[in-house]
Amino acid sequence: MTLDEILDSLFPAGHVIARHADHLFLGTGKRADGGTVEVIGITDGEALGITGILPLADRVLDIIAAGGTAPILVVVDTQGQLMSRHDEMLGLNEYLAHLAKCLLLASRSGHPTVGLNYGKAAAGAFLATAGATDILIGLPGAEPAVMDLPSMARVTKLPQAKLEELSKTTPVFAPGLASMTAVGAVSEVWDPAKPLADQFEATLAAMPAHDVRDTLGAARGGRPVAAQIARRVADQACGVHHA
Amino acid sequence: MTDMRHIEAGSVSWFLSTARERLTRLLDQGSFTEFLPPTERVQSPHLALFDLPAAFDDGMIVGRGRLEGRDVLVAGQEGQFMGGTFAEVSGAKLVGLLRAARDDAKLPRTVLLLLDSGGVRLQEANAGELAVAEVMRAIVEARAAGVAVIALVGGRAGAFGGAGLTAATCSAIAISEQGRTGVTGPEVIETNKGVEEFDSQDKALVWSVTGGRTRRLIGGADAYVDDSIAGFRGAALALMDRAPTFDLATLKAEQARLAVRAERLGACNASTEMWATLGVPDPQAIGNMDDNAFRAVVAGVEGTDHDAR
């Protein structure tokens with residue numbers, strides 16, 4: 001689906017979404033009951049750098065300041081953070097974390113946050129956007145990843161063929177929607193053959209009350225031990241003893 | 001005698017110490033209790049696939065102790081094990097610690113994160129990435145519950161990738177000259193964009209872009225410490241009582257601070273240009289001066305001390 005097809009299917013009652021510089025877009029969509037959904041996003045696989053982050057974060061802060069409980073939809077197609085000595089020099093880590101913090105504050109302030117990955121979503125840009133929402137949805141064809149396999153092969157000094165072979169037996173490192181769903185990053189994959197508006201409403205009706213990604217990862221087998229280890233550490237810290 | 005040993009321990013190099021050495025020397029003698037210690041043999045279920053040896057703490061040590069009598073929770077990354085990377089087990093240990101701090105008001109109201117990490121462990125990339133996302137959310141939730149989460153950065157691996165974002169999610173960051181923060185490592189930038197973009201072998205360049213002094217000067221770290229256990233101890237004590245509240249006002253202030261930085265320094269192509277723009281009298285000398293001289297320079301630069309994180 002193209003971005004326009006996605007927006008039309010999500011908001012048959014109408015949407016006003018403006019393209020900005022740096023392949024960003026900001027706007028609103030109408031729900032069937034007349035309610036408003038705030039929409040922010042990055043498109044065309046654009047890399048996310050300092051100039052892209054500031055307007056997105058600013059918009060989220062305006063949404064929080066305005067009050068209310070409008071859901072925020074974060075639509076993501078980004079190749080990852082901008083790889084630039086200039087942006088690193090200016091403290092890109094702070095900018096990416098700032099956007100994530102704004103989205104997390106929005107959630108805490110009563111705005112359900114839904115990430116929708118329809119293209120790429122990688123690494124630091126993933127953490128600042130898709131990874132900072134209450135629930136992350138994928139569309140078929142989405143390519144969430146930490147790093148592409150050829151780069152992974154270079155950095156780990158392992159043959160790419162070996163990584164490809166291993167990725168058939170475990171979802172714990174390989175790029176892609178299937179792996180990211182199995183480890184609990186992606187909650188569900190929507191069906192483009194059905195109206196996205198209905199699927200969006202169903203998602204909003206079933207928002208998790210807390211971070212359930214590790215529990216999902218355990219149930220799906222992609223992250224067999226994370227949830228229980230986090231619980232064990234928390235229990236020990238709180239002085240709860242196991243029998 | 002105990003005082004003398006403690007003082008000697010305090011002067012030991014943070015950079016050259018292991019995570020366990022940092023923790024035991026940072027905290028009051030005998031006060032450290034570890035959660036899920038190596039004796040419980042909780043190790044990565046994935047490293048064997050790559051014929052890599054596991055560690056019984058997976059390179060992440062979590063627990064509690066006292067810092068000059070103050071109760072604190074602590075987490076330390078071992079930069080020498082798989083680059084201190086976030087992975088399924090190492091990440092989950094930190095997530096559990098932060099969620100405990102968030103939920104139990106009887107626990108210490110300070111978490112010290114001794115970060116020493118290149119980011120996500122690629123062999124467990126998706127688990128590591130998710131762990132960072134969960135850590136960032138848990139830090140925010142803990143901060144909102146009144147917990148001060150302080151990042152201490154001064155190890156060999158620095159705080160890159162997910163660790164760089166984690167540091168910037170904390171209430172405050174203390175950094176030494178050897179400490180570095182960033183997102184994409186210089187080698188990866190060079191591989192992807194070419195040596196013209198970033199010569200990762202040029203140590204002075206790497207340090208000028210990501211190192212402790214430049215971060216302190218542009219407001220990317222809140223305290224600059226000498227490379228010693230005592231230095232980090234002092235900074236942790238100073239920062240833990242000054243943590244900004246996690247709320248709209250703080251994030252709006254951060255938006256303003258980051259926008260101003262982009263505006264003022266965005267046209268700069270080198271760190272010395274940034275420092276000159278900030279009013280540093282002799283930018284070329286930043287790399288060579290001693291810590292005290294550097295601190296004096298920091299004191300003369302506006303915007304280094306802020307509550308906007």
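User: In what order do the strands of the open sheet in chain B stand?
Analyst: In this predicted model (local features need pLDDT of at least 70, side-chain atom pairs 80 or more, totals for chains, interfaces and linings use all residues), the seven strands (DSSP E runs of at least two residues; helices are H or I runs of at least four; both numbered from the N terminus) follow the order β1-β2-β3-β4-β5-β6-β7, with mixed pairing (at least two DSSP bridges between two strands). Residues count from 1 along each chain as its sequence is written, chains are lettered from A and ligands numbered from 1 in the order written, and side-chain values use heavy atoms, leaving out hydrogens and water.

User: Which strands stand at the edges?
Analyst: Those are β1 (33-35) and β7 (223-225) of chain B, and each has a single partner strand, so one side of each lacks a neighbour in the sheet.

User: And how do β2 and β3 of chain B run?
Analyst: They run antiparallel, with eight bridges joining residues 60-67 to residues 70-77, and Leu67(B) has Arg70(B) as its bridge partner.

User: Switching to chain A, is β3 mostly covered or uncovered?
Analyst: Strand β3(A), residues 36-48, is mostly covered, as ten of its 13 residues are buried (under 20% relative accessible area with a 1.4 Å probe, protein chains only; exposed is over 50%, partly exposed in between).

User: What are its partners?
Analyst: Strand β2(A), residues 24-30, runs antiparallel to β3(A) through seven bridges, with Leu26(A) partnering Ile40(A), while β4(A), residues 72-81, runs parallel to β3(A) through eight bridges, and there Val39(A) stands opposite Leu73(A).

User: What's in the turn between β2(A) and β3(A)?
Analyst: The hairpin has five residues between its strands, and Gly34(A) in the turn has a positive phi of about 95 degrees.
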